[in-house]
Every structure is written in C-alpha cells, then in structure tokens.
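The exercises below are to be worked with the sequence and the model side by side, each task being followed by a stepwise solution.

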Amino acid sequence: MQKLAAIKGMNDILPPDSARWEWLEEVVRSLMRRYGYRAIRTPIVEPTALFVRGLGEVTDIVEKEMYSFEDRLNGEQLTLRPEATAGVVRAVVEHTLLHDGGKRLYYMGPMFRHERPQRGRYRQFHQIGAEAVGFPGAEMDAEIILLAHALWAELGLANVRLELNSLGEPEERKVHRAALIAYLEQHQEALDDDARRRLHSNPLRILDTKNPAMQAVVDAAPRLMDYLGEASRQHLRTVQSILDAAGVAWSINPRLVRGMDYYNLTVFEFVTDELGAQGTICGGGRYDYLIGQMGGRPAPAVGWALGVERVLELLRSQARELPDVRPDAYAVVPDAAALPVVMATLQRLRALGVAVQMHSAAANAQGLGSMKAQLKKADASGARFALIFGADELAAGAVAVKPLRETSAQRPCPLTDVAAWAASLQSPR
Ligand code: ATP
Ligand code: MG
C-alpha cells in the first residue's frame, strides 16, 4: 500500500509543540481584548475572483501562488485563501458591519500559497491578523502598530525591528510610477524576467524583488517618498510621533512596498535578522481604497498579518521556554475493579479545576501494570502528585495523595469531600 503522508509544505502540529501554538493564541486573545479588537472568522475557501480583485492581478500571490480549483459539482472557480484581508473586507461589506461606525477585528487561521517550501515558508501556514476598518486617522495606523509591538513584548520576543514607509496616494504614485518606468527602462539589462514583465504593469512591485542581482538597480530607483504631497507626509509624521511618544523605535525603508496592490499611505513590517531569508514576521499597512474596490461604500482601513510559524520559530531560536503542560496529578489505579470510583472522582476533580491524568492500560500490556510501573509513569508525566487508589485506601473511603516533587509524606484524602482538598493539588498557572 502506498504510504500516506501530508502534502509537501503542509505540516502537522503535534504535541508538545502544539502547546506553544495554544499559548501564543491565548496571549493574542488576551491582548486583542485589551485593545478592543474582536474576532472574525471567515471561510477558508472563497471565490477566486475575490482575491484577483482584492490583491491585484499582477502580484506574486495571484500570478503564481494560489490554490485554485473548479468546484466539480457546479463549476464555480474557488481558491483556498492565501491571506485573510480580502475575505474580511468581503464580510464587512456583505454584512454592512460599518453601518454604526468603524470596527476593530482580528482573526487567526491557516492560509495557503503554492511556494517553494523552506524554513519559514510553507504551503499551508498560519496567520494572525488585525484590521481596523472604517477609521481614517493616522492614530489608528499607530494603534495597530503598537498592538503588534505589545505582542512581541508579551511573547518575550527580542530583536524585532519596525520598518516604515509611505506609499502615498494614487495620484502621487502615478507621478512616481512614470519616473520609475523611465528609470527602469534605462536599466532593462539589469532586470530579471519577472521585473521585465512587470515593468509596465506593476513597476512598484519590482522594488519588492528578492533577487540579489537586482539590488543595486532597485536601490538607485526614484523613491516614492520624494513624490509625496504634504497631506501624505503629515500622515506619516503623525504615526511617527505617536510611536516616538510610546518609545517604539522605527526606521524608514523606502523600498518597502508590500506584496499586495491594495495598500496606500502607511506600510510597515516587523523584521528580524535571526530567521535567515524569511525575516519578516509581520507586515501590514493602510488600505483606504480596497473596500470601495470590492463593491462596498468606500471606507478607510488599516491592518497587519503575522506569520505564526515565523514568530514561533523566532521564539524557539531565542530559547523561550515551553509553556507548562504538566498535569497537577496522576491517578494510579492498582486494580481495574476500582475504575468506576476512580473515574467518578477524577470527574469531580477536573470540574474543580485540577488537571489530572489517569493511568491507562498500554496496548501491549497485560492489564494496568504494577504499582511500581504506574508510579514511574506518574513521575514521567511531570505531575506534582500521584493519587493512589489502592484497595486499603478505597476500603477506608479515601485516596492516598503522594507528593512526587517534594519529600513530604503521603496523606489520605476522603472521597466524600473532594472539594476540600482539590485546590491543594493545583499548581499556579
Ligand atoms: P514574504 O515576502 O516572506 O513572501 P509576504 O509579503 O508574501 O512575505 P504577507 O502576505 O504580507 O507576506 O503575509 C504576512 C506574513 O505572513 C509574512 O510577514 C510572513 O510572516 C507570513 N508568511 C507569508 N507567506 C508565508 C509562507 N509561505 N509561510 C509562512 N509564513 C508566511
Ligand atoms: Mg510572499
């Protein structure tokens, strides 16, 4: 039989690693609550047209990274979402979420892009994103950047830099675009195939190239920053002054253009030098024209998305400790006849908040195994206590609580009043 395996570039997330994921998600939920962002969940599959219209036809994602297919039953063209902003905007428009003012939203979930799998780059990967929809002010760009910055702090992440740029407004980009095309036309010989193809369709995107052979020509290209009008400059200055007041360091990266067409004014990335080529852990910006472009009443918005795998990889490389997943107690069951009492007791303990793992028979073992073997398992589980449901104890209506991490003696605890001692088993979390 052919061996079954996960699709290349799509990973299983297994224990104990999954505990890191859950911990990260918890930190995010708690932070989002404090900043007033509320969860939105949109479908993983959307009509292909949503992404073509939302992201722009001449983008890496739409040109070559989308998992698109035809629904066999009705012939619809569908795509596994490569990012979530387009879906969030669709939902905002479809449900007229802005009827009573702006909305602060966040999401987490899998995204799909057909890329060459490598460290920090997968075909199914996960993003967490925040979107502030319906807010025009530069203070919201700052708020959403401060939110991401606070997340790094709460996760204990170090060495993350903030890079900023402004893409200005469409009119300003038009003038810059003409200058950029003229410049690039003079340097045709230095351009790769992608760049040559995009020279007239999407020249700004050429600045986003990862091709080292093109760095020099791109570095000397006309800077969009030099084409911005006073309002765009002021918008960026406002963001910068709020970040300064909050003590968040930033630097301008004039080459930062982002991979999607929908951005204007502020764009930003959080980058690290510790992940090799995949150094961007979070990117975002303002997208004031997307909602109108998607058929909604025009409304401004700003957002970001972070790559969960990259953030976790960075945490791992910075040797962040694993969150504690050890049980409080481990139930030792010398005799299978006691199982009904044992399980009824554990049920009550868990309802009272105790994390207790029950010993259970291994597939290749005879019965539950000796007391000694079970105590060894209890120890290996990392639990602080073993709960020994021995015949003598049960006859006396009790369970023996044996500390595993300290030398104090084992003590009997009554089965009739579990609530009286349940709390004494719990470790602070
Ligand atoms: P890159 O330049 O690395 O391809 P991107 O500009 O395509 O990134 P975005 O679309 O802005 O990335 O997505 C936001 C974040 O999602 C990225 O900063 C990154 O952390 C993460 N990300 C993007 N693509 C992948 C992928 N294929 N695998 C893992 N994480 C990814
Ligand atoms: Mg990409």
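**Exercise 1: the nonpolar cores**

Task: find which residues have the most contacts inside the largest nonpolar core.

Solution. The largest nonpolar core has 92 residues, and those with the most contacts inside it are I144, W152 and W304. The largest share of this core, 11 residues, comes from helix 5 (residues 138–155). A nonpolar core here is a set of buried Ala, Val, Leu, Ile, Met, Phe, Trp, Tyr and Cys residues joined through side-chain atoms within 4.5 Å, and buried means under 20% relative accessible area, exposed over 50%, with a 1.4 Å probe and protein chains only. A second, separate core of 21 residues includes V342, L387, F389 and L425.

The model is predicted, so that local features need pLDDT of at least 70 and side-chain atom pairs count only at pLDDT 80 or more, whereas totals for chains, interfaces and linings use all residues. Residues are numbered from 1 along each chain as its sequence is written, and side-chain values use heavy atoms, hydrogens and water being left out.

**Exercise 2: the two sides of helix 13**

Task: determine which residues of helix 13 are buried and what covers them.

Solution. Begin with the buried residues of helix 13 (a DSSP run of H or I, at least four residues), which are V342, T345, L346 and L349. Seen down the helix axis, these buried residues fall within an arc of 100° (taken from the directions from the axis to the C-beta atoms), so they line one face of helix 13. On the other side, P340, Q347 and A351 are exposed. Finally, the cover over the buried residues includes strand 12 (329–332), strand 13 (356–358), strand 14 (385–388) and helix 16 (418–425).

Technical notes:
Chains are lettered from A and ligands numbered from 1 in the order in which they are written. Helices (H or I, at least four residues) and strands (E, at least two) are DSSP runs, numbered from the N terminus. Contact means heavy atoms within 4.5 Å.
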